[in-house]
Amino acid sequence: AMAGVGPTVVRYDAALEQQVTRRSQMAADLRRALAEGEFHLLYQPIVALPDGRISSVEALIRWTRADGRVVSPAEFIPVAEDTGAITDLGAWVLETACAQAAAWQRRHGGAAPRVGVNVSARQLLDPRLPATVAAVLDRYGLRPDGLTVEVTETAVFGGGHALATVAALSAQGITIALDDFGTGHSSLGLLRTCPVDIIKVDKSFVDGLGGSPQQEAIVTALAGIAATMRLDLVAEGVETEAQARRLVELGYRLAQGFYFARPMPATEIDAMIEQADSR
Ligand code: C2E
Ligand code: CA
Ligand code: CA
Ligand code: CA
């Protein structure tokens, strides 16, 4: 049938409606959970190769519901994005991570790790984000380069002000990391248009380490590109000693993954820093 001329068919789609209801319920639940303090941040070390010393940390959100069930961010962040709840949630993450970064600086001085925060597509559409970030840094007396903002290619290309927002954050001195690098449609093109300090090579490529040269090609090529462009390079999702060894051979100096350390509470990061200091 031609659009606009045939009779309008309204089909009652129960499954879809149920999904929509579930999502809006979760959105309301997210706001309540934020008010009631059900979220917390874990911090996963990004370590220097080959010695495994902590170099920086990535803040990763967790939601523990009243019944003790822990909900994965992979489940609720997309809902928070779609419903706009990410605005408040993202602000809370930024605030909490910066408060923690300041506490680490007071306690450990120069040994305090730089802190990375994930910023989603919708947050980048808010032209006030750079001012919000500047205000938070100011409040905690943090230098802008002590904060890394992790963005994905999809988010940067999300239209509107996204790219301009990243550029403004970068101009303020905030470190910019491209997350899940290589999984988008024009990751390499983005390196020319977007101010970037760090490339985080997606786990799916790290998984191919130790395989054929074809399987290793992207991880290998990115080592060359990062060196030429003077970018830091982080291998994500490193799970085995063999992968870590291979990364060292390929010239990687930074890695993140369960092989080195899982996401952990801030107090465990303190213990890691103190241990490294006393060595
Ligand atoms: P991401 O930013 O790519 O974060 C890395 C994810 O990989 C984390 O999952 C981390 O726990 C996991 N990971 C780290 N090392 C390994 C490994 O060796 N093996 C495996 N299998 N996984 C590893 P997590 O914490 O479940 O977070 C999932 C995603 O949710 C994140 O992916 C990020 O996109 C999003 N996310 C998490 N926290 C936040 C947040 O505060 N704000 C926003 N906007 N998104 C967040
Ligand atoms: Ca990330
Ligand atoms: Ca990632
Ligand atoms: Ca990811």
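1. Let's start with Glu 58, which sits in strand E2. Bear in mind that this is a predicted model. Glu 58 is buried, its relative accessible area being 5%.

2. Who are the neighbours? Leaving aside residues up to four places away in sequence, Glu 58 touches Leu 42, Tyr 43, Gln 44, Gly 116, Asn 118, Glu 150, Lys 200 and Gln 256. With Gln 256 there is also a side-chain polar contact, at 2.8 Å.

3. Now for the metal. Glu 58 (OE) is one of the protein donors of the calcium ion (ligand 2), along with Asn 118 (OD1), Glu 150 (OE) and Asp 179 (OD). These donors lie 2.2 to 2.3 Å from the ion. Two of them, Asn 118 and Glu 150, have already turned up among the residues that Glu 58 touches.

4. How are the donor residues spaced in sequence? The pattern for the calcium ion (ligand 2) reads E-x59-N-x31-E-x28-D. Glu 58 belongs to strand E2 (residues 54-64) and Glu 150 to strand E5 (residues 147-152), so this pair ties together parts 92 residues apart in sequence.

5. Is Glu 150 buried or exposed? Buried, with a relative accessible area of 3%; the cut-off for that label is under 20%.

6. Finally, have a look at Asp 179. This residue forms a bridge between the calcium ion (ligand 2) and the calcium ion (ligand 3). The two ions are 4.0 Å apart.

Definitions and conventions:
Residues are numbered from 1 along each chain as its sequence is written. Chains are lettered from A and ligands numbered from 1 in the order in which they are written. This is a predicted model: local features need pLDDT of at least 70, side-chain atom pairs count only at pLDDT 80 or more; totals for chains, interfaces and linings use all residues. Side-chain values use heavy atoms; hydrogens and water are left out. Donors are N, O and S atoms within 2.8 Å of the metal (3.2 Å for Na, K and Ca); water is not among the atoms, so sites may look incomplete. Helices (H or I, at least four residues) and strands (E, at least two) are DSSP runs, numbered from the N terminus. Buried means under 20% relative accessible area, exposed over 50%, partly exposed in between (1.4 Å probe, protein chains only). A polar contact is a pair of N or O atoms within 3.5 Å; within protein, one must be able to donate a hydrogen and the other to accept it, and residues adjacent in sequence count only if both atoms are side-chain atoms. Contact means heavy atoms within 4.5 Å.
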